Amino acid sequence: MARNFPFAGIVVLFAITLSINQCCGKSAVVELSENNWDLMLKNEWMVKFYAPWCPACKNIASTWDEFSTWSDDLGIKTAKIDVTTSPGLSGRFFVTALPTIFHVINGEFRQYRGTKDLNTLMSFIEEKKWQALEPVSAWKKPDSIQMSIVSYFFKLSHFLKELNTMLLEEYGLPAWASYAIFAVATILMGAILGLLLVCVIDCLFPPKHLQRTSFSESQGQGRDQGSGDDIRGDELEDEEISSGSDKEKYSGTDTDDERAEEKASPPPSPRKGTPKGGSPTSSPDVRKRKARKAE
């Protein structure tokens, strides 16, 4: 009987040690949501996306909790995100399967695709195997503007899903009635958004007929200016013609005066010794004709 006491003491001591280890090594997983997800942009993180209804997520829950107890030794932080309560984050990270694990270090995101056992997860951090993975491209970075827009679409889809569930369960509407309501709402929203889009485009890029009208008006103004120049040119030509006619008129008057003087002057008397039929211009007394005035 006394021999059994040492064995019983060993069993009790082992149980006490195990309980102490469990108490000291409790889970250090950080719950992240849409309000505090930006904490992972600093330092090194391992983040798991899960859902309470997902069987695969339930299978690795204990492994993930145990992995978090080594976070201080590995120099990292472990976190988990529930996609049912934070649908916007599933849109930011574009999560299409569950569970999905991301490695984050100083704002660089890499998706973990290895097996989800404890040893593989620890070696992934200890041996820095994440350096062999390509980081998420700039177009898909969760902190980018485009992925922020995608997150709003995920929120909207989650809201519509909950609204459909409420209409079916709480209000007892048939499925076809719920779908009809969503169809009418979708058509109305599409028409309103299309009208707003057309108005914005018309303001930024006016229709072509308005541009043609403005172009024709500018051409008309150019033609008016051209016709004004033509009128001025015609007036100048008329002035030149009138001045030329005046000059000719004055020159013609001088010629008429000369002719009248020639007619009024008596013919020269012939001198002796002048042969008959001789030219009167051969006589020195012949009157010389006046020179024509220069124009």
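Here is a short walk through a few backbone oddities and a surface patch in this predicted model.

Let's start in the loop between helix H5 (87-92) and strand E4 (100-105), where you'll find Pro-99. Look at the link leading into Pro-99: the peptide bond from Leu-98 to Pro-99 is cis, and its omega is near -5°.

Stay in that loop between H5 and E4, because Phe-94 has its place there too. Phe-94 isn't a glycine, yet its phi is positive, at about 50°. Is Phe-94 buried, exposed or something in between? With a relative accessible area of 48%, Phe-94 is partly exposed, since the label "exposed" is kept for values over 50%.

Now hop past E4 to the loop between E4 and strand E5 (108-112), which is where Asn-106 lies. Asn-106 is another residue other than glycine with a positive phi, this time near 50°. How accessible is Asn-106? Its relative accessibility is 59%, so Asn-106 counts as exposed.

Finally, head over to helix H7 (residues 145-169), where Ile-145 lies. Ile-145 has a relative accessible area of 68%, so you can call it exposed. Which residues join Ile-145 in a nonpolar patch on the surface? They are Ile-149, Phe-153, Leu-156, Phe-159 and Leu-160, and together with Ile-145 they have about 630 Å² of accessible area.

Note on methods
Residues are numbered from 1 along each chain as its sequence is written. This is a predicted model: local features need pLDDT of at least 70, side-chain atom pairs count only at pLDDT 80 or more; totals for chains, interfaces and linings use all residues. Side-chain values use heavy atoms; hydrogens and water are left out. Helices (H or I, at least four residues) and strands (E, at least two) are DSSP runs, numbered from the N terminus. Buried means under 20% relative accessible area, exposed over 50%, partly exposed in between (1.4 Å probe, protein chains only). Patches are made of residues with over 30% relative accessible area and no salt bridge: like charges are joined within 9 Å, nonpolar side chains (Val, Leu, Ile, Met, Phe, Trp, Tyr) within 5 Å. Accessible areas come from the Shrake-Rupley method with a 1.4 Å probe; for residues, only the protein chains shown count as cover. A salt bridge is a side-chain nitrogen of Lys or Arg within 4 Å of a carboxyl oxygen of Asp or Glu.
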